[in-house]
Amino acid sequence: MPRRQAGKLLAAAVLMLPAAAALAQAAYPARAVRIVVPYPAGGAVDQVTRRIAQKLSEQTGQSFFVDNKAGATGTVGTAQVARSPGDGYTLLANDTTYSILPQVFQKLPWDHAHDLVPVAGFNFAPTALVVANSSPFTTLGELVAYSQAHPGKLNYGSGGAGTLPHFATEALKAASGLDAVHVPYKGAGEATLALLGGSIDFQIASTPGVMGQVRGGKLRLLAVSGQQRLKALPNVPTFAQAGAPAYQVLNFTGLWAPKGTPEAVVQTLRKNNAIAMAGADMQAFADDMGAVADVAGGPAFADKLKSDARLWAQVAGKLGMERQ
């Protein structure tokens, strides 16, 4: 082949590379996508992620499946995603716990600031103050008044030191004057069982994790976070209405992708998430769980993560908690 002709073919091939890459990205996803949930099956993050994975599978014609990789407050599964190729085929699902991790661990097995790209936050769930249905406390005010009159007598459960329920309850103590002793368990579900069994007095939980017990008449909500009451429980006041307006903790489920994931792939994921959450079935699913089927993508999600990080740094400072 003449050198001039070979040169033209090479130049044409080089020019075609960006178009081929764009076509490959436009075809995303071309195969199954794994979503790592760094917690055991059955929790709020797991439940919401499985529903969104089902919707994404229906919308794209490719399988989005959940892979539970629990351990060490979610760091085992998260580190696995951070080390994965940035191609959009391995994603992380987490909640606001992700912003707490730097306050719990002295050194994380990934670069918290750079190794994962925030894709979108969705299914925003209020945190709720919950007691057993047999509890004598029917309002936040009663609980606070009793705790102040009997210091050290009340206790609360969480899924462990440094988890969202732990930090969220400490934030409530600061916002309301509530006095209570922390009792850590191996998971939020175990803490709920302790509440049902009478071993603890109350719990702060994400509404999706306790709505089944509330509907079954076994647990009672005293207050929920957020700006308005839940559609599913219109008689339960917000924390502001119950006397703690400074308490603004709002949980969410979100997706992250490894760094290096093409922007076109990230945008495709954001678009498909927004379409999924706008569906009537997902709206009903969120309502039933006591959540809001909202979506925050791009800068809005990044800003939410930053504001959460500031709050948890303040809580950790007051706790004087030593990082692991």
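**Figure 1. The largest pocket holds about 980 Å³ of space.** This is a predicted model, so read each view here as a prediction. Of the 42 residues that line the largest pocket, Gly43, Ala44, Gly187, Ala188 and Gly189 lie nearest its centre. The elements that give two or more residues to this lining are α2 (44-60), along with α6 (164-176), α7 (188-197), β7 (202-206) and α8 (207-215). Look to α8 for the most: six residues of the lining come from that helix. By residue type, the lining of the largest pocket splits into 18 nonpolar, 20 polar and four charged.

**Figure 2. The second largest pocket has about 350 Å³ of space.** Here 20 residues make up the lining, and the closest to the centre are Pro126, Gln227, Gln228, Leu230 and Val292. Strand β4 (116-132) supplies at least two residues of this lining, and so do α11 (280-289) and β10 (292-297). The largest share is from β10, with three residues. Sorted by type, the lining of the second largest pocket has nine nonpolar, seven polar and four charged residues.

**Figure 3. One cavity of 30 Å³ or more is found in the structure.** To see where empty space is left, roll a probe the size of a water molecule over the atoms. The largest cavity contains about 60 Å³. Its lining is made by Ala44, Val45, Val48, Asp95, Asn123, Ala125, Ser206, Pro208, Asn251, Phe252 and Thr253. At least two of these residues come from each of α2, β4 and β9. Six of the lining residues are nonpolar, four are polar and one is charged. Ala44 is worth a second look: this residue helps line the largest cavity, and Ala44 is also among the residues nearest the centre of the largest pocket.

**Figure 4. Ten is the count to keep in mind for ring contacts: the model has 10 aromatic pairs.** One of them is Tyr28 with Tyr89, where the ring centres are 5.2 Å apart and the planes meet at 65 degrees, so the pair is edge-to-face. Tyr28 sits in the loop between α1 (3-26) and β1 (33-37), and Tyr89 in the loop between α3 (75-82) and β3 (90-94), so this contact ties together parts that are 61 residues apart in sequence. Are these two tyrosines buried or exposed? Tyr28 counts as buried, at 6% relative accessibility, and Tyr89 counts as buried too, at 13%. Arg31 joins the scene by lying over the face of Tyr89, 3.8 Å from the ring centre.

**Figure 5. Phe124 and Phe252 form a tilted aromatic pair.** Their rings are 5.9 Å apart centre to centre, with 40 degrees between the planes. Phe124 belongs to strand β4 and Phe252 to strand β9 (250-258), so the pair links distant parts of the chain, 128 residues apart. Both of these phenylalanines are buried. They also take part in a wider cluster, in which ring pairs link Tyr98, Trp110, Phe124, Phe252, Trp256 and Phe301. Phe252 turns up again in the lining of the largest cavity.

**Figure 6. The charged end of Arg51 sits over the ring of Phe285.** The distance from that charged end to the ring centre is 4.4 Å.

**Figure 7. Strand β8 (219-224) is largely enclosed by the rest of the structure.** Why enclosed? Six of the six residues of β8 are buried, and buried means under 20% relative accessible area. Strand β4 pairs with β8 in the antiparallel sense, over five bridges. One place to spot this is Val130, whose bridge partner in β8 is Leu221.

**Figure 8. Three spots in the backbone are worth zooming in on.** As background, most residues other than glycine have a negative phi, and most peptide bonds are trans. Tyr28 and Pro29 are joined by a cis peptide bond, with omega about -5 degrees. Pro29 is in the loop between α1 and β1. Ala72, not a glycine, has a positive phi, near 55 degrees. Thr73 has a positive phi as well, about 55 degrees. Ala72 lies in the loop between β2 (64-68) and α3, and Thr73 is found in the loop between β2 and α3. Ala72 is partly exposed, with a relative accessible area of 45%, and Thr73 counts as partly exposed at 22%.

Methods: Residues numbered from 1 in each chain as written. Predicted model: local features only at pLDDT ≥ 70, side-chain atom pairs only at ≥ 80, totals over all residues. Heavy atoms only, no water. Buried < 20%, exposed > 50% of the residue type's maximum accessible area, 1.4 Å probe, protein only. Helix = DSSP H or I, 4+ residues; strand = E, 2+ residues; numbered from the N terminus. Pairing = 2+ DSSP bridges. Phe/Tyr/Trp six-rings, centres within 6.5 Å; stacked < 30°, edge-to-face > 60°. Lys NZ or Arg CZ within 6 Å of the ring centre and 35° of its normal. 1 Å grid on protein atoms, 1.4 Å probe; cavity = no way out; pocket = protein on both sides within 12 Å on 5 of 7 lines; lining within 4 Å. Points joined across faces, edges and corners; volume = space filled by probe spheres on them. Nonpolar A, V, L, I, M, F, W, Y, C, P; charged D, E, K, R; others polar.
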